[in-house]
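Could you walk me through this structure, one selection at a time? I have it open in a viewer and would like to know where to click and what is there.

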Amino acid sequence: MKFPGQRKHKHFFPVEARDPRLSELLPDNKPVSGHVCGIDQVLVDIEAHVEPEFLARHGLSRGHSLLLAPERADAIYRELLEQGLIVSEFAGGTIGNTLHNYSVLADDRSVLFGVMSETIRVGTSAYRYLCTTSSRVDLNYLQPVAGSIGQCITLITPDGERSFAINKGMMDRLSPDHLDREQIQSASALVLTAYLMRCEAHEPMADSARQAAEWARQAGVPVVLTMGTRFIVEDRRDWWQQFIRDHVTLVAMNEDEGLALTGEADPLAACDRVLEWADLVLCTAGPAGLYLAGHADEEQLRETSRPLLPGRIPEFNRFEYSRPMRRADCRRPRRIYTHISPYMGGPARIKNTNGAGDAALAALLHDMAANDYHRQNVPGSAKHRARHLTYSSLSQVSKYANRVSFEVLVQHSPRLSRGLPEREDSLEEAYWAGEA
Ligand SMILES: Nc1ncnc2c1ncn2[C@@H]1O[C@H](COP(=O)(O)OP(=O)(O)OP(=O)(O)O)[C@@H](O)[C@H]1O
Ligand SMILES: O=c1[nH]cnc2c1ncn2[C@@H]1O[C@H](CO)[C@@H](O)[C@H]1O
């Protein structure tokens, strides 16, 4: 596990240099390692750049992720192939991307539950999936299926927006028997997406997601839900609100999904609403940057030294230097919020924003897993006198998340091909000294 932000050596956890008396508690003196788990509809992204006319002609809707009958998806695929419009075929899936990015950032293990074709030929989608996934993502728990994984035709229009047309193959066949309870219950987080509930009634994916969430809850493992697209949320707003109340610790959404879920167009107000049901929320808002909101115990609050910001909640960032906690772990819970504008104002040119939100979530997961790792390896640390969800303050996590989104935008791919640069000014000494 690398320290979030992973700079020079001194930025790695000092677990090897800890107090020798601790070796009595942890006899072999090896750091205990952690992992995060996720469930996904295993699919590849087949990326092509098209004009809006292409979407209209094929009855696709801009910004949406639509499930298509195989013949319709094939017709689109053939047309793209004939016109030479396909630019890449890469492992995708919102959770697959998040776990891959987590593993690249943290240089640590993640575990993916999903399906994989039991027979793989060179050049097929399954082959592409395996070739373009980090070796730190553990694929040993995938369920073998006698058929194809999903294909997500990712159509990028000149405005940089992405629309998805999905040929689902066997991606929703993951059965609860292929989940590993021990892995889930020992994880630093379980990551799910709203897309998992879109399977057909006879397919087991939704049951698998519920089973995993239940095991995580029993073991006190944070359950993370990313909202997919607004269309999925809009159809069943009340149902999702209840699902979040029952199962979810952290909600990750963009501002459109926030509106669909809460009825609030303002991202800060939407976050505030979500805090009625969940402990922590990440809301990305494209060119407006991102918001994080959570809870902290009154005794643990730390005031910001930045200017106080106006908004639907005046001076909402007053306690942004606090580390978020579960509401149930607070004696007197107070809500805390932060906002950050895009790193360096965003890249000069954005070809496509696909995966920028997933990337922000990967950074937040890294900070959460780092917290767990530190708690297990340096149990007496003052950092863990109260039970926090993250290692860093809300404000620092937002900087990190924002920086990682920027990296996805400049790498033009939802999956990071490399981590962050070794050293940069945005996360400097104060961070490592633990001041904020
Ligand atoms: N046009 C932009 N200009 C500057 N920064 C941007 C822009 N679009 C996205 N970003 C950065 O990327 C982050 C996430 O973007 P966005 O809100 O578009 O994610 P998203 O819609 O959830 O994406 P996806 O669902 O494809 O993962 C933003 O918080 C911001 O830091
Ligand atoms: O139905 C779906 N299930 C799982 N992942 C999906 C679905 N539709 C789109 N994406 C994934 O979302 C990522 C960007 O956030 C894309 O990489 C795409 O693979």
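Let's begin at a ligand. Select ligand 2 and the shell of residues around it: β2 (43-49), α3 (94-106) and β10 each supply at least two residues of that shell. Keep in mind during the tour that this is a predicted model. In total, 17 residues surround ligand 2, and the closest are Gln41, Ser65, Gly92, Thr94 and Tyr195. If you colour the shell around ligand 2 by residue type, you should count 6 nonpolar, 9 polar and 2 charged residues.

**Stop two: strand β10**

Next, select residues 162-167, which make up strand β10. Is β10 enclosed or open to the outside? 6 of its 6 residues are buried, so β10 is largely enclosed by the rest of the structure. Show the side chains and compare the two faces: Arg162, Phe164 and Ile166 point one way from β10, while Ser163, Ala165 and Asn167 point the other way.

Now add the strands that pair with β10. Strand β3 (residues 65-67) pairs with β10 in the parallel sense over 3 bridges. Click on serine 65 and you will find its bridge partner in β10, phenylalanine 164. Serine 65 is also among the closest residues to ligand 2, where this stop connects with the previous one.

Strand β9 (residues 150-156) pairs with β10 too, in the antiparallel sense over 6 bridges. Look for isoleucine 156, which stands opposite arginine 162 in β10. Follow the chain from β9 to β10 and you trace a hairpin with 5 residues between the strands. In that turn, glycine 160 has a positive phi of about 85°.

**Stop three: the whole sheet**

Zoom out a little. In which order do the strands of this open sheet lie? There are 5 of them, in the order β3-β10-β9-β2-β4, and the pairing is mixed. β3 and β4 (86-91) are the edge strands, each pairing on one side only. From one strand to the next, the twist averages 20°. To see another parallel pair, select β2 and β9, which are joined over 7 bridges; there, leucine 43 has glycine 150 of β9 as its bridge partner.

**Stop four: strand β1**

Select residues 36-39, strand β1. Val36 and Gly38 point one way and Cys37 and Ile39 the other, and all are buried. β1 pairs in the parallel sense with strand β5 (residues 110-113) over 4 bridges, and cysteine 37 stands opposite valine 111 in β5. β1 also pairs in the parallel sense with strand β11 (residues 190-193), over 2 bridges. Here glycine 38 stands opposite valine 191 in β11.

**Last stop: an annotated site**

Finally, select Thr284, Ala285, Gly286, Pro287, Ala288, Gly289, Gly357 and Asn402, which an unreviewed UniProt entry lists under "binding site". They span 119 residues in sequence, yet no two of their C-alpha atoms are more than 12.6 Å apart, so they gather at one spot.

Two of these residues are worth a click. Threonine 284 lies in strand β14 (residues 280-284) and counts as buried, with 27 C-beta neighbours inside 10 Å. Leaving aside neighbours within four places in sequence, threonine 284 is in contact with Asn254, Leu290, Ala356, Gly357 and Ala360. Proline 287 sits in the loop between β14 and β15 (290-297) and is exposed, with 10 other C-beta atoms within 10 Å. With the neighbours within four places in sequence left aside, proline 287 is in contact with Pro342 and Gly346.

Methods: Residues are numbered from 1 along each chain as its sequence is written. Chains are lettered from A and ligands numbered from 1 in the order in which they are written. This is a predicted model: local features need pLDDT of at least 70, side-chain atom pairs count only at pLDDT 80 or more; totals for chains, interfaces and linings use all residues. A residue is buried if 20 or more other C-beta atoms lie within 10 Å of its own, exposed if 12 or fewer, and partly exposed in between; C-beta atoms are placed from the backbone. Two strands pair if DSSP finds at least two bridges between them. A residue is near a molecule or strand if its C-beta atom, placed from the backbone, lies within 6 Å of it. Ala, Val, Leu, Ile, Met, Phe, Trp, Tyr, Cys and Pro count as nonpolar, Asp, Glu, Lys and Arg as charged, and the others, Gly among them, as polar. Axes are lines fitted to C-alpha atoms, for helices over the stretch in contact, and angles run from 0 to 180 degrees between N-to-C directions. UniProt positions are given in the numbering used here, feature names are shortened, and annotations may be inferred rather than shown by experiment. Two residues are in contact if their C-beta atoms, placed from the backbone, lie within 7 Å.
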